[in-house]
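Subject: Structure for you to look at, with notes

Dear colleague,

I am passing on the structure we spoke about, together with some notes on what I found in it. Please have it open while you read, since the notes go from one part to the next.

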Amino acid sequence: MTTELEKQINPEIVTQLSQSQQEPEWMLQFRLQALESAKQLSLPRVEKTNINKWNFSQFSLKSEQEVADTSALPQEVLSLMSDEENASLVVQKNSSVIWKNASRALEEQGVIFTDLGTAVREHSELVKKYFGQAVAKDEHQLSAMHGALWSGGLFLYVPKNVDVQQSLQAIFYNEGNGVGIMPHVLVVTEENSRVNLVCNYTGDSEASAVVQNSVVEVFVGAGSHVSVATLHNLGEDSVDVAYRRAMVGRDGYMEWIVGELNHGRTLSDNTTHLTEPGGHTDVRTIAVGSGSQRSNLTSAVYHVGTDTESDMNVRGVMKDKAQTIMNGITKIEKGAKRANGVQAEKVLMLDRGARGDANPILLIDENDVKAGHAASVGQIDPMQLFYLMSRGIPKREAEKLVIYGFLGPVLDAIPFEAIRKQMVSVIERKLSQ
């Protein structure tokens with residue numbers, strides 16, 4: 001561990017953080033063990049991207065006061081909130097949850113929807129069973145740092161046979177220069193339940209040296225249907241590390257909707273384990289890069305149970321001098337008979353300085369399976385532009401039509417209109433800059 005990181009993270013700081021949250025002893029020990037791992041581990045090795053000079057450790061953890069009502073929330077947060085009356089919502093600003101609301105209907109169904117700090121105190125044994133089981137604290141230095149310093153976040157628990165009809169939302173907002181934000185989202189569903197969750201990661205676009213290190217862990221019970229949308233829109237001088245992991249039980253379904261719409265540097269890992277028979281996952285990702293942005297995006301599915309299915313569809317649009325690496329990994333383990341895994345990664349480059357690299361990978365250790373992949377990297381087809389412009393459409397509008405036609409297969413497959421609108425709004429702003 002570097003000298004700078006040792007100043008940021010030491011046993012005294014970790015212990016004070018845990019005690020300030022009134023955490024049980026097991027969580028303090030978890031944090032301290034993660035700290036020891038951070039001292040020994042190196043940064044993760046990522047495909048074709050040098051992250052050694054990225055800022056992962058120069059930040060401060062800034063606490064915030066709770067607000068009395070939603071009118072006191074930042075405008076950027078208000079613009080993302082659901083229009084539903086009494087919508088269930090958790091809002092985190094920097095290192096503190098400043099607002100939370102769970103509807104009475106959720107409580108009557110036995111659903112737990114609260115910030116993770118509260119859940120650690122009030123539902124300790126339930127949280128302990130799952131926390132850190134999908135993203136290990138000793139995986140690499142970044143996961144260890146998160147394990148030691150996580151704060152805020154969300155805990156969602158859905159009991160057996162419960163269908164949550166209303167929208168659930170979490171918003172993680174950073175404000176100020178040099179701040180660090182490390183939210184941890186933990187989702188647990190029991191048998192035959194259904195739930196949809198939207199997580200927005202955003203902040204002050206003018207802030208400098210922002211570091212976000214976030215984790216999402218999802219445990220899908222047998223026969224359950226879970227959809228998690230994560231939309232990232234951080235400022236230009238930011239480093240965003242995002243690890244999303246799901247463990248899917250028998251006949252469970254996991255849907256990931258990922259919007260990588262940052263303006264700064266992005267390291268994203270989205271991995272699903274289909275551990276039991278009949279598991280199914282859909283992964284839909286859109287990435288838009290501008291300026292001198294750098295991003296490395298990995299989507300992976302591991303087929304372990306029999307009769308499992310996966311479908312990954314990743315689309316990226318790069319402009320200016322933005323660069324992205326898109327890695328798609330489908331791994332079918334020995335014994336995962338009748339598995340079916342398909343993936344597609346496609347990058348559209350709008351300018352000569354933009355770069356995209358799509359890397360589809362199939363790793364198959366079983367014979368009785370189906371698998372396929374597709375990848376493409378290219379620029380806007382001049383014939384398409386010519387055709388549109390010949391019909392009287394200005395060049396700029398013609399380019400937008402081509403871009404949205406390219407993104408359409410992913411956007412149109414998103415089942416939630418509010419999420420589509422949010423993504424389109426951010427994409428519009430990035431493309432118009």
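In which strand is Thr 281 found? Thr 281 lies in strand β14, which covers residues 280-289, and I should say at once that this is a predicted model, with every value below computed from it. Thr 281 has a relative accessibility of 0%, and because buried means under 20%, the residue counts as buried. Leaving aside residues up to four places away in sequence, Thr 281 touches Met 254, Trp 256, Thr 272, Leu 274, Val 301, Glu 309, Ser 310 and Asp 311. The strand around Thr 281 is covered as well: 9 of the 10 residues of β14 are buried, so β14 is largely enclosed by the rest of the structure.

What joins β14 to other strands? Strand β12, made of residues 253-260, runs parallel to β14 and is joined to it by 8 bridges; one of the pairs has Gly 259 with Ile 286 of β14 as its bridge partner. Strand β16, made of residues 309-318, also runs parallel to β14, and here 10 bridges join the two. Among the pairs between β14 and β16, His 280 has Glu 309 as its bridge partner, and Ala 287 is partnered by Gly 316 of β16.

These strands belong to an open sheet of 10 strands with mixed pairing, in the order β2-β1-β5-β8-β10-β12-β14-β16-β18-β20. At its edges are β2 (96-101) and β20 (370-379), each of which pairs on one side only. Between neighbouring strands of this sheet the turn is 5° on average, with direction ignored. Helix α10 packs on the sheet, where it touches β14, β16 and β18 (340-349), and its direction makes about 155° with that of β16.

Helix α10 also has contacts with other helices, which I take in turn. Helix α9 (residues 382-390) and α10 (residues 395-411) have axes 9 Å apart and pack at an angle of about 125°, which means that α9 is oblique to α10. The crossing of α9 past α10 is right-handed. On the α9 side the contact is made by Gln 384, Leu 385, Leu 388 and Met 389, and on the α10 side by Lys 395, Ala 398, Glu 399, Leu 401 and Val 402. Sorted by class, the residues of this contact between α9 and α10 are 6 nonpolar, 1 polar and 2 charged.

With helix α11 (residues 417-432), the axis of α10 comes within 12 Å, and the two cross at roughly 145°; this crossing of α10 and α11 is right-handed. From α10 the contact draws on Arg 396, Lys 400, Ile 403, Tyr 404, Leu 407 and Leu 411, while α11 contributes Arg 420, Met 423, Val 424, Ile 427, Glu 428, Leu 431 and Ser 432. The contact of α10 with α11 has, by class, 8 nonpolar, 1 polar and 4 charged residues.

One further helix deserves a line of its own. Is helix α8 (residues 141-149) mostly covered or mostly exposed? Helix α8 is mostly covered, as 9 of its 9 residues are buried, and these buried residues include Gln 141, Ser 143, His 146 and Gly 147 alongside Leu 142, Met 145 and Leu 149.

With best wishes

Key: Residues numbered from 1 in each chain as written. Predicted model: local features only at pLDDT ≥ 70, side-chain atom pairs only at ≥ 80, totals over all residues. Heavy atoms only, no water. Helix = DSSP H or I, 4+ residues; strand = E, 2+ residues; numbered from the N terminus. Buried < 20%, exposed > 50% of the residue type's maximum accessible area, 1.4 Å probe, protein only. Contact = heavy atoms within 4.5 Å. Pairing = 2+ DSSP bridges. Axes fitted to C-alpha atoms, helices over the stretch in contact; angles between N-to-C directions. Parallel < 35°, antiparallel > 145°, perpendicular 65-115°, else oblique. Left-handed = near helix turned anticlockwise from the far one by under 90°. Nonpolar A, V, L, I, M, F, W, Y, C, P; charged D, E, K, R; others polar.
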